[in-house]
Amino acid sequence: LTDLVVVRGVAAMGCDGGGVAVRDEDEQVVRLTITDTWREGQRLRQEMPYSTHLPSVVAAIVPEPIFLGTREEGLAWGQEMDLVYTTSGREAWASLPLVAEGEHLGSLTVSWVEARAFTDDEKALLAAFAAQCAQALLRIRVRQAEREAMVSSRLLSESLQRSLLTEPAH
């Protein structure tokens with residue numbers, strides 16, 4: 001999903017990079033995968049606890065979008081952003097929750113090299129894109145659950161069949 005969303009979709013919207021954060025309720029962590037549109041194929045994967053105060057994590061936990069158009073806004077939002085600005089070379093960030101069918105799945109984060117003032121139209125476009133990403137992520141999760149159920153069912157069937165077999169004749 002990250003490759004499709006970031007490398008193709010985010011770049012088509014004029015963003016310079018982005019990522020998808022997926023919630024893991026059992027472990028209380030967010031798994032973030034960031035892909036740089038300039039260097040296709042390079043990914044950064046991180047696992048962060050729910051308590052991390054970064055836009056990707058907060059938007060994955062609280063269903064509210066976060067728009068940081070300038071470095072000053074980002075630094076005012078939280079001190080963790082200092083390292084993000086220093087290492088990323090990006091000046092503007094937007095993190096939007098991924099919500100599908102009432103289920104809060106994670107967040108979509110996009111970035112730009114230059115600072116920007118987010119217009120209402122840009123915010124609406126990003127929200128629509130995040131909604132589409134959430135639908136895709138939900139479909140991926142459903143398919144994965146179906147596969148796991150199928151494997152479990154097959155293993156149960158095989159176990160039952162083996163239990164019904166008699167010992168081979170000597």
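Helix α4 spans residues 81–88, and in this predicted model its residues M81, V84 and Y85 are buried. Because these three cover an arc of only 95° around the axis, they lie on the same side of α4. On the other side of the helix, L83, T86 and T87 are exposed. The points below follow α4 to its surroundings and then turn to the nonpolar cores.

**Around helix α4**
- The buried residues of α4 pack against two other helices, α2 (55–61) and α3 (71–77), and also against the strands β4 (66–68) and β5.
- Just after the end of α4, the residue G89 takes a positive phi of about 75°.

**The largest nonpolar core**
- The largest nonpolar core has 20 residues, and the members that touch the most other members are A94, L98, L105, L108, V110, W112 and L126.
- At least two residues of this core come from each of β5 (92–100), β6 (103–112) and α5 (120–164), and α5 gives the most, with 7 residues.
- When residues up to four places away in sequence are not counted, L126 touches M13, F67, A94, L96, V110, W112 and F118.

**A second core**
- Apart from the largest core lies another core, of 15 residues, which includes L54, L68, V84 and Y85.
- Two of the residues named there, V84 and Y85, are also among the buried residues of helix α4.

How values were computed. Residues are numbered from 1 along each chain as its sequence is written. This is a predicted model: local features need pLDDT of at least 70, side-chain atom pairs count only at pLDDT 80 or more; totals for chains, interfaces and linings use all residues. Side-chain values use heavy atoms; hydrogens and water are left out. A nonpolar core is a set of buried Ala, Val, Leu, Ile, Met, Phe, Trp, Tyr and Cys residues joined through side-chain atoms within 4.5 Å. Buried means under 20% relative accessible area, exposed over 50%, partly exposed in between (1.4 Å probe, protein chains only). Helices (H or I, at least four residues) and strands (E, at least two) are DSSP runs, numbered from the N terminus. Contact means heavy atoms within 4.5 Å. The arc is that of the directions from the helix axis to the C-beta atoms.
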